[in-house]
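I opened the model to look up a few residues, one helix pair and the chain as a whole. These are my entries, in the order I made them.

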Amino acid sequence: MNFELTEEHLMIQQAARDFAQNELLPGVIERDDKQQFPAEQVKKMGELGFLGMMVDPKYNGAGLDTISYVLAMEEISKVDASTSVIMSVNNSLVCWGLEKFGTEEQKEKYLKRLATGEIIGAFCLSEPEAGSDATSQKTTAIDMGDHYLLNGNKNWITNGGSASVYLVMAQTDVEKGHRGINCLIVEREMEGFTVGKKEDKMGIRGSDTHSLMFQDVKVPKENRIGEEGFGFKFAMKVLSGGRIGIASQALGIASGAYELAVKYAKERKTFGKEIGKHQGVGFKLADMATEIDAARLMCLRAAWLKDNGMNFDKESAMAKLYASDVAMKTTVEAVQVHGGYGFVKEYHVERLMRDAKITQIYEGTSEIQKIVISRAVLAD
């Protein structure tokens, strides 16, 4: 086993850190307060290659490995989780899904532009009655010969108001259950497609989360990903990789809060010494450091398995389950270390605490991760 990062990995990590500190940190509190989408920052992220990190260079991607992606996600999430979830969805769910399962025509038409950030994508699985129970799709895609007629609603869609391309799961054959679901590529300009209300969220407020409506949207057959009925399998495969992205986001939120807590613990003095030297605070920092390190190793292991073509379903679920719990625990404790200042927005930790909660919910709740893990354990 080699626990050292390569020179290339260290360069990518540093580039992501510099981008986060120089481009994302200024204005991050204001964007959170105003629920402002970081359009300018996302554009720059695309120019730097952060929106198509694992995409083959022949499709305008950076051609990097998943470990590089984990490192970049952590650094960006330390500062601005709203921007990192935009990055995660575009990389893990949209670009990776298109490159792995799309046709050459779909890659030429959509992937090349997604990888550079010229456009961004959205992944549309959740519905009002189909969150954790993703098999209960009510959105329908009726086969009309040369096209599908798409009708239904999607909820809680990241990049919902800013995407140009949407990967939409819809039921074509109800009798076949989840084997009757297709994934269709929907373009924003298609007639009958409407972006609904923007959600007013507790955390990740800079990312735009919308409901979407489809009313008799004509989607050409060539916009279906994979064979007839492949949609649900596609969604599950893509989400398994997506969990590495969200686990890395959770890791970044935790490590960002930890770094702020350590900095404050060295500066703040009570009873004649730095508060970090009081055992009550020092032990908190020790727990944070240990749990964050464990979460980081779990994320990197899942990424390594993926890069080496091995099954990573259990490990990515474990990484997301653990890292999201660590994010919640660490951010709560970081607020506590800051005392009254932790409750004030300008110290950042209260925002990180609010951002952390969603990592236990989206792209599969913690309870769903436990189902994935327990099934894998029992199948061994």
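Entry 1, a serine. I looked up S84 and found it in helix α5, which covers residues 81–101. I then asked whether S84 is buried or exposed. Its relative accessibility is 0%, so I noted S84 as buried; the cut-off for that class is under 20%. I should record here that the model is predicted, and that every value I list is computed from it.

I listed the contacts of S84, leaving out neighbours within four places in sequence. The partners are M73, I76, S77 and Q249. I also took the C-alpha to C-alpha distance from S84 to N223, which is 28 Å. In sequence S84 and N223 are 139 residues apart.

Entry 2, a threonine. I placed T158 in strand β3, which covers residues 147–158. T158 has 10% relative accessibility and therefore counts as buried, since the limit is under 20%. Which residues does T158 touch, once those up to four places away in sequence are set aside? I found V85, V89, A122 and D208.

Entry 3, a helix pair. I took helix α8, residues 279–307, and helix α9, residues 313–338. I read an angle of about 155 degrees for their packing, and their axes are 9 Å apart. Angles over 145 degrees count as roughly antiparallel, so I entered α8 and α9 under that heading. The crossing of α8 and α9 is left-handed. I then sorted the residues in the contact of α8 with α9 by class: 16 are nonpolar, three are polar and six are charged.

Entry 4, the chain. I counted 11 helices and 10 strands in the chain. Its radius of gyration is 21 Å, and the globule rule gives 21 Å for 380 residues, so I noted the chain as being as compact as a globular protein of that length. For the extents, I noted that the C-alpha trace spans about 80 × 45 × 40 Å along its principal axes.

What share of the 380 residues is buried? I got 55% for the chain. S84 and T158 both carry that label.

Last, I checked the contacts in the chain with a separation of 6 or more. Of these, 74% join residues 24 or more positions apart.

How values were computed
Residues numbered from 1 in each chain as written. Predicted model: local features only at pLDDT ≥ 70, side-chain atom pairs only at ≥ 80, totals over all residues. Heavy atoms only, no water. Helix = DSSP H or I, 4+ residues; strand = E, 2+ residues; numbered from the N terminus. Buried < 20%, exposed > 50% of the residue type's maximum accessible area, 1.4 Å probe, protein only. Contact = heavy atoms within 4.5 Å. Axes fitted to C-alpha atoms, helices over the stretch in contact; angles between N-to-C directions. Parallel < 35°, antiparallel > 145°, perpendicular 65-115°, else oblique. Left-handed = near helix turned anticlockwise from the far one by under 90°. Nonpolar A, V, L, I, M, F, W, Y, C, P; charged D, E, K, R; others polar. Rg over C-alpha atoms; globule rule 2.2 N^0.38 Å.
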